[in-house]
Amino acid sequence: MAQNNNNEQLSLLALTKVRGVNAALLLQILEVAGSASQLFANIGNIHDMLPGASAKLIESLSDRSIFECAEKELEFTTSKGIRIISYNSDEYPYRLKECSDAPVVMYTMGNVNLNAAHVVSVVGTRRVTEYGKDICEAFVSDLARLLPDTLIVSGLAYGVDVCAHRAALKAGLPTIGVLAHGLDRIYPSAHRSVAKEMLQNGGVLTEYMSGTDPFKGNFLQRNRIVAGIADATVVVESPSYGGSLVTASLATGYSRDCFAFPGRINDKNSCGCNELIARNRAGLITSAYDFVEAMNWTPQNNNTPDEERELFPLLPPMEESVLELLRDHSDGLQINQIVIALDVPVGIIMSALFELEMKNLVRTVAGGIYRAIV
């Protein structure tokens, strides 16, 4: 039995190297042939198995070099502790299996359960603003309290992607990064340390063999996995173009739920989200609580954000005044602006801000600006 499994795995890897065949066609070939090993074992009778196969496809299937690539990849994955997840494996994500263009083989490192009770993809612009970061961190943090069995999925790219991964790690949620290249590298390299941390509670996933470079087209292909592997896709912040909107469109095409956080109408970094909402291509949410309710999921913790805050002792009057002022100014304020607005000495304001930061109610951002945490 083990020998048969190894032969099937090798045949599947070889099948992914067949030239000119996309994922959807590979799945169709597998369905007709029964299995990859059966397909190659009867290559001489390929016309009987695949009556509509072109001469070019038959030539590609008969090319023995694809097995040389498969054997080389099998050696690499074994030496690096990479798991190969085949389409017919119990470990294969069942949500993704519902998609007509799901990859027949994926490679993963880490300890994540791709069939977690709740799976949410969080995507957005690479040029995320402080507003977007706050939304992303608050959404993931609150989701961890409501549904601690949630898996967070994103693409390990700059901006919202890595913010979502970091927020998940901080909140104790497992998180998986779907890559557009082989597992012999991490791109961008600046996120290598984050990826390493993710291996302890989540991991990385790709459909590409080692040696595959992060070509532009691969990112668009990768997005279908991000969309298809999850129950829902949440767009945090996006301009009027970009990969996150492609992912949102794919999610809708797979009959997945799609949500977006709104932004100011004149903010170019939010116009993509606003457009998704305006055209009914995404539901409007302003918090994890909105999201969980829209998904009809039963939270393990029903506290609202206000109720969460009531778990803490009442704030002293000065801290409450500073916090309310910052809540009224979503872009944040510098200390001198707070001093002028409240007409209070700077020393008292600095002390109040310090206490609020310690209570995780306020954060400082670039330029010495203080903002209330969403």
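# Helix crossing, aromatic pairs and cores

Modeller: The crossing of helices H8 and H9 is right-handed. The model in which this crossing appears is predicted.

Biologist: At roughly what angle do the axes of H8 and H9 cross?

Modeller: Helix H8 covers residues 130–146, and helix H9 covers residues 160–171. Their axes come within 9 Å of each other. The crossing angle is roughly 35°.

Biologist: Which residues of H9 make the contact with H8?

Modeller: On the H8 side, the contact is made by Lys133, Cys136, Glu137, Val140, Ser141 and Ala144. Their counterparts on H9 are Val160, Cys163, Ala164, Ala167, Ala168 and Ala171.

Biologist: Is Ala167 buried or exposed?

Modeller: Ala167 lies in helix H9. Beyond its neighbours within four places in sequence, Ala167 is in contact with Cys136, Glu137 and Val140. Its relative accessible area is 9%, and the limit for burial is under 20%. Ala167 is therefore buried.

Biologist: How many residues does the largest nonpolar core have?

Modeller: The residues with the most contacts inside this core are Leu15, Leu39, Leu61, Tyr107, Val153 and Leu205. The size of the largest nonpolar core is 73 residues.

Biologist: Which residues are among those of the other core that lies apart from it?

Modeller: This other core has 30 residues. In soluble globular proteins, nonpolar side chains tend to be buried together. Among the members of this second core are Val120, Val236, Ala288 and Val292.

Biologist: How many aromatic pairs does the structure hold, and what is the arrangement of Tyr87 and Tyr92?

Modeller: The structure holds seven aromatic pairs. The ring centres of Tyr87 and Tyr92 are 5.3 Å apart, and their planes stand at 65°. Planes over 60 degrees apart count as edge-to-face. The arrangement of Tyr87 and Tyr92 is therefore edge-to-face.

Biologist: Is Tyr92 buried or exposed?

Modeller: Tyr87 has a relative accessible area of 22% and is partly exposed. For Tyr92, the relative accessible area is 2%. With the limit for burial at under 20%, Tyr92 is therefore buried.

Biologist: What is the angle between the planes of Phe291 and Trp297?

Modeller: Phe291 and Trp297 form an aromatic pair, with 5.6 Å from centre to centre. Phe291 is buried at a relative accessible area of 0%, and Trp297 also counts as buried, at 15%. The pair is edge-to-face, and the angle between its planes is 85°.

Biologist: Which residues form one aromatic cluster?

Modeller: Two members of the cluster, Phe291 and Trp297, form an aromatic pair. The residues of the cluster are Phe139, Phe259, Phe261, Phe291 and Trp297.

Biologist: The charged end of which residue sits over the ring of Tyr87?

Modeller: Elsewhere, Arg126 lies over the face of Phe219, at 5.5 Å from the ring centre. In the case of Tyr87, the charged end is 4.9 Å from the ring centre. That charged end belongs to Lys97.

Biologist: Which residue is joined to Pro188 by a cis peptide bond?

Modeller: Pro188 lies in the loop between strand S5 (175–178) and helix H10 (192–198). Omega of the bond is about 0°. The residue joined to Pro188 in this way is Tyr187.

Biologist: Is Asn296 buried or exposed?

Modeller: Asn296 is found in the loop between helix H14 (288–294) and helix H15 (305–310). Although Asn296 is not a glycine, its phi is positive, at about 60°. Its relative accessibility is 67%, and the limit for exposure is over 50%. Asn296 therefore counts as exposed.

Biologist: What value is phi of Asp343 near?

Modeller: Asp343 lies in the loop between helix H17 (335–342) and helix H18 (346–358). At 70% relative accessibility, Asp343 counts as exposed. Its phi is positive in a residue other than glycine, and is near 55°.

Biologist: What is the relative accessible area of Thr233?

Modeller: Thr233 lies in strand S7, residues 232–235. Beyond neighbours within four places in sequence, its contacts include Ser121, Val123, Thr247 and Phe259. Thr233 is buried, and its relative accessible area is 0%.

Biologist: What percentage of the residues in the chain are buried?

Modeller: The chain has 18 helices and twelve strands. Its C-alpha trace spans about 85 × 45 × 35 Å along the principal axes. Of the 374 residues in the chain, the buried share is 51%.

Conventions. Residues numbered from 1 in each chain as written. Predicted model: local features only at pLDDT ≥ 70, side-chain atom pairs only at ≥ 80, totals over all residues. Heavy atoms only, no water. Core = buried A, V, L, I, M, F, W, Y, C linked by side-chain atoms within 4.5 Å. Buried < 20%, exposed > 50% of the residue type's maximum accessible area, 1.4 Å probe, protein only. Phe/Tyr/Trp six-rings, centres within 6.5 Å; stacked < 30°, edge-to-face > 60°. Lys NZ or Arg CZ within 6 Å of the ring centre and 35° of its normal. Axes fitted to C-alpha atoms, helices over the stretch in contact; angles between N-to-C directions. Helix = DSSP H or I, 4+ residues; strand = E, 2+ residues; numbered from the N terminus. Left-handed = near helix turned anticlockwise from the far one by under 90°. Contact = heavy atoms within 4.5 Å.
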